[in-house]
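Let's take a walk through this one together, starting with a bit of vocabulary and then going from one helix out to the whole fold and a few odd spots.

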Amino acid sequence: MDCNENSPFNQYAKKYDSWYDTKGKLIFKIELLAIKSILKGLPTPWVEIGVGSGRFAQALGIPEGLDPSIELLKIAKSRGITVHLGKGENLNFPDFSYGTVFLIVTLCFLPFPEIVFREIYRILKSEGKLLIAVVLSNSPWGIYYRKLKTQGHPFYKRATFYTYNEIIELSQKSGFSVENTISTLFQEPNSVKNIEYHRTGYYPEAGFTILILKKNS
């Protein structure tokens, strides 16, 4: 993700945000239900890295967020989020300042995920948590988005999708251990018609996977 004005997240900020009210409305509801199911007990304060337009932050009660897109941050601010302009590779937050960091549908857009994970580790309190929500590469939804990438989709052409094992490996190298995993969105892309409830654990066929990672002391 880029801070520059030519970033697609700046150019198409309103289009990106409007998806949550149109084609993505039911998908967003399904994803929210899954995330909300594991929020209880996550240590505070909370911050979202890659907050975008603030859709998830507002719905989940995350008061603060960082993003490199000026235009998306304007929308997030209008939703009551305290916003910070910046990149995950260089977090302008003090050491040990947050209880939980949220990384929701952001991992695939990070050019240097290892650096971002190290920065998140730095700003988390002892035994803090990192919540990651992703579309996995080998899931039906990952295959769908990778096809859009090859077609030059403005948002996905620079995205990198990961397998579950790749995320686990990245997490462990960065000083985290997996505490919980849940999966949802088992309906096929372009065929989401009904509300769904999550399943505990990792399911390769799930379109949306959420991991709770614990910072190792």
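A residue is called buried here when its relative accessible area is under 20%, exposed when that value is over 50%, and partly exposed in between. Keep in mind that this is a predicted model.

With that in hand, have a look at helix 5, which spans residues 70–78. Its buried residues are Leu72, Leu73, Ile75 and Ala76. These four sit on the same side of helix 5, because they cover an arc of only 155 degrees around the axis. Now turn to the face pointing away from that buried side: there you'll find Lys74, Lys77 and Ser78, which are exposed. So what do the buried residues of helix 5 pack against? Their partners are two helices and two strands: helix 1 (8–11) and helix 2 (13–18), plus strand 2 (64–67) and strand 3 (82–85). Just past the helix, Gly80 follows with a positive phi, near 90 degrees.

Let's step back to the whole protein. Its secondary structure comes to eight helices and eight strands. The C-alpha atoms fill a box of roughly 45 × 40 × 30 Å along the principal axes. Is the radius of gyration what a compact globule would have, and what is the value here? For 217 residues, such a globule would come out near 17 Å, and the protein has 16 Å, which agrees. Buried residues make up 55% of the 217. Sequence-distant pairs feature heavily in the contacts: of those between residues at least 6 apart in sequence, 69% join residues at least 24 apart.

For a close-up of that kind of packing, try Thr209 in strand 8 (residues 208–215). Thr209 has a relative accessible area of 0%, so it counts as buried. What is it in contact with, once its neighbours within four places in sequence are left aside? The list for Thr209 runs through Ile132, Ala133, Val134 and Leu136, then Tyr164, and then Thr181, Ile182 and Ser183.

Next, the outside. The protein exposes about 10,200 Å², and carbon and sulfur atoms supply 51% of that. One spot to pick out is a nonpolar surface patch formed by Leu33, Ile195 and Tyr197, with about 290 Å² of accessible area together. Tyr197 belongs to the loop between strand 6 (176–184) and strand 7 (199–200). Its relative accessibility is 60%, so Tyr197 counts as exposed.

That loop between strand 6 and strand 7 also holds Leu185, and here the story is a different kind of backbone detail. Leu185 has a positive phi near 65 degrees, though it is a residue other than glycine. Is Leu185 buried or exposed? Buried, with a relative accessible area of 1%.

Glu127 also has a positive phi, of about 65 degrees, without being a glycine. Its setting is strand 5 (residues 124–134), and at 45% relative accessibility Glu127 counts as partly exposed.

One last backbone stop: the peptide bond from Thr44 to Pro45. This bond is cis, with omega near 0 degrees. You'll find Pro45 in the loop between helix 3 (25–36) and strand 1 (46–49).

Conventions:
Residues are numbered from 1 along each chain as its sequence is written. This is a predicted model: local features need pLDDT of at least 70, side-chain atom pairs count only at pLDDT 80 or more; totals for chains, interfaces and linings use all residues. Side-chain values use heavy atoms; hydrogens and water are left out. Patches are made of residues with over 30% relative accessible area and no salt bridge: like charges are joined within 9 Å, nonpolar side chains (Val, Leu, Ile, Met, Phe, Trp, Tyr) within 5 Å. Accessible areas come from the Shrake-Rupley method with a 1.4 Å probe; for residues, only the protein chains shown count as cover. A salt bridge is a side-chain nitrogen of Lys or Arg within 4 Å of a carboxyl oxygen of Asp or Glu. Buried means under 20% relative accessible area, exposed over 50%, partly exposed in between (1.4 Å probe, protein chains only). The arc is that of the directions from the helix axis to the C-beta atoms. Contact means heavy atoms within 4.5 Å. The radius of gyration is taken over C-alpha atoms; the globule rule is 2.2 Å times the number of residues to the power 0.38.
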